[in-house]
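Welcome! Take a moment to look over the chain and turn it around before reading on. The notes below walk through some of its features.

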Amino acid sequence: MFPKKILLVLLSRPSMKKFKPLPLAPIPDQKLIEYATFCFEKPAKFIGSVGDSNPEAITVKWPNKSLPEIAFMGVSNAGKSTLINCLLNTKELAKTSKKPGHTKLLNLFQVAGRFVLVDMPGYGYKSRESWGAMVEKYLKDGMSEKGQLKRVFLLIESKRNFKHYDRMIMELLEKYNVPYQVVITKADKLPPSYWEEAYLSPSTSDLALFLRQRGQSLADPSLLFISPLKARFGISQLRSQILEATDCIPSKLKHLKDQATLSPNDITRAALITPKNERRMNPDFLSKEQKENFD
């Protein structure tokens, strides 16, 4: 017999038969992995911080609106700054802290002269009302005619699971027509065998159920599982997703198919593509002119 509370929850859920498990983000082709490594390991630079008690000042003070932007959102201490450092193969460019609420402004990092990563203040614990207004203004402007926001990666810490304020943020992103994708951070803290139950199956995961119920929404249904510090897996997949979202993949590589589309039945393969497996080299399929564009 189920305990009464659990039984009520199960009975309150809609029929799961029509909802398939969420897919995992595919493993990119090896040439795309090499190209992404080449781009992201070019020295990135911090180009400024934007934030003000008056949200209207954000647009005026923005350093550069000519490059496509990728933003990272998540609850305080979800690991946004740490993940950005790992993507850029550095430890110090994005300032990190174990103290919640450390990031108070929109911090901007230019990568390879091609696009900008935006480290946003965390929501939830230790967040401030003024940050909410600032973030909402950025999302609204980013999707305007002159805006350059291409995608938001929403970080959810593996052991924290899906909370009501994550749902609110997703609804806010959809309000302003912002494409987004969920990233499960610190995934090494949970065994891969638990990922399906916790995040992929609509019958057991509130996150999966929410995304499946949205149907053809702005959310990319494939989940990225990331471990930026210890196991260091998922970085190649995220780098490739960023290049795709910013339209920075050369035409020579756009025809390439993914190595594999992962499913809940072979979740452990998600840990195979790590920075340790990537060759540190200038891809030989780039022309001399293309390489010079990154110098």
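Asn89 sits in the loop that links helix H4 (80–87) with strand S3 (106–111). This is a predicted model, and in it the phi angle of Asn89 is near 55°, a positive value in a residue other than glycine. Is Asn89 buried, exposed or partly exposed? Its relative accessible area is 43%. Because partly exposed covers the range between 20% and 50%, Asn89 belongs to that class.

A second asparagine can be described in the same terms. Asn177 lies in the loop between helix H6 (164–175) and strand S6 (180–185). Phi of Asn177 is near 60°, again positive in a residue that is not glycine. With 48% relative accessibility, Asn177 is partly exposed as well.

Here are the two residues side by side:

| Residue | Phi | Relative accessible area |
|---|---|---|
| Asn89 | near 55° | 43% |
| Asn177 | near 60° | 48% |

Now let us turn to a pair of helices. At what angle do helix H2 (residues 30–40) and helix H9 (residues 235–245) cross? Their axes cross at roughly 80° and come within 9 Å. Since angles of 65 to 115 degrees count as roughly perpendicular, H2 is roughly perpendicular to H9.

Which residues meet there? From H2 come Leu32, Ile33, Tyr35, Ala36, Thr37, Cys39 and Phe40, and from H9 come Ser236, Arg239, Ser240, Ile242 and Leu243. Sorted by class, this contact of H2 with H9 holds eight nonpolar residues, three polar ones and one charged one.

Ile242 of H9 also leads us to the interior. The largest nonpolar core has 81 residues, and Ile242 is among the members that touch the most others, together with Phe72, Leu139, Leu207, Leu211 and Phe225. What does Leu207 touch? Leaving aside residues up to four places away in sequence, Leu207 touches Ile156, Phe162, Met170, Val182, Ile184, Tyr199 and Leu223.

Finally, step back to the whole chain. Its secondary structure comes to ten helices and seven strands. The chain has 295 residues, of which 52% count as buried. Among contacts with a separation of 6 or more, 78% come from residues 24 or more positions apart. On the outside, the chain exposes about 14,800 Å², with carbon and sulfur atoms supplying 51% of that area.

Technical notes: Residues numbered from 1 in each chain as written. Predicted model: local features only at pLDDT ≥ 70, side-chain atom pairs only at ≥ 80, totals over all residues. Heavy atoms only, no water. Axes fitted to C-alpha atoms, helices over the stretch in contact; angles between N-to-C directions. Helix = DSSP H or I, 4+ residues; strand = E, 2+ residues; numbered from the N terminus. Parallel < 35°, antiparallel > 145°, perpendicular 65-115°, else oblique. Contact = heavy atoms within 4.5 Å. Nonpolar A, V, L, I, M, F, W, Y, C, P; charged D, E, K, R; others polar. Buried < 20%, exposed > 50% of the residue type's maximum accessible area, 1.4 Å probe, protein only. Core = buried A, V, L, I, M, F, W, Y, C linked by side-chain atoms within 4.5 Å. Areas by Shrake-Rupley, 256 points an atom, 1.4 Å probe, with all protein chains shown as cover.
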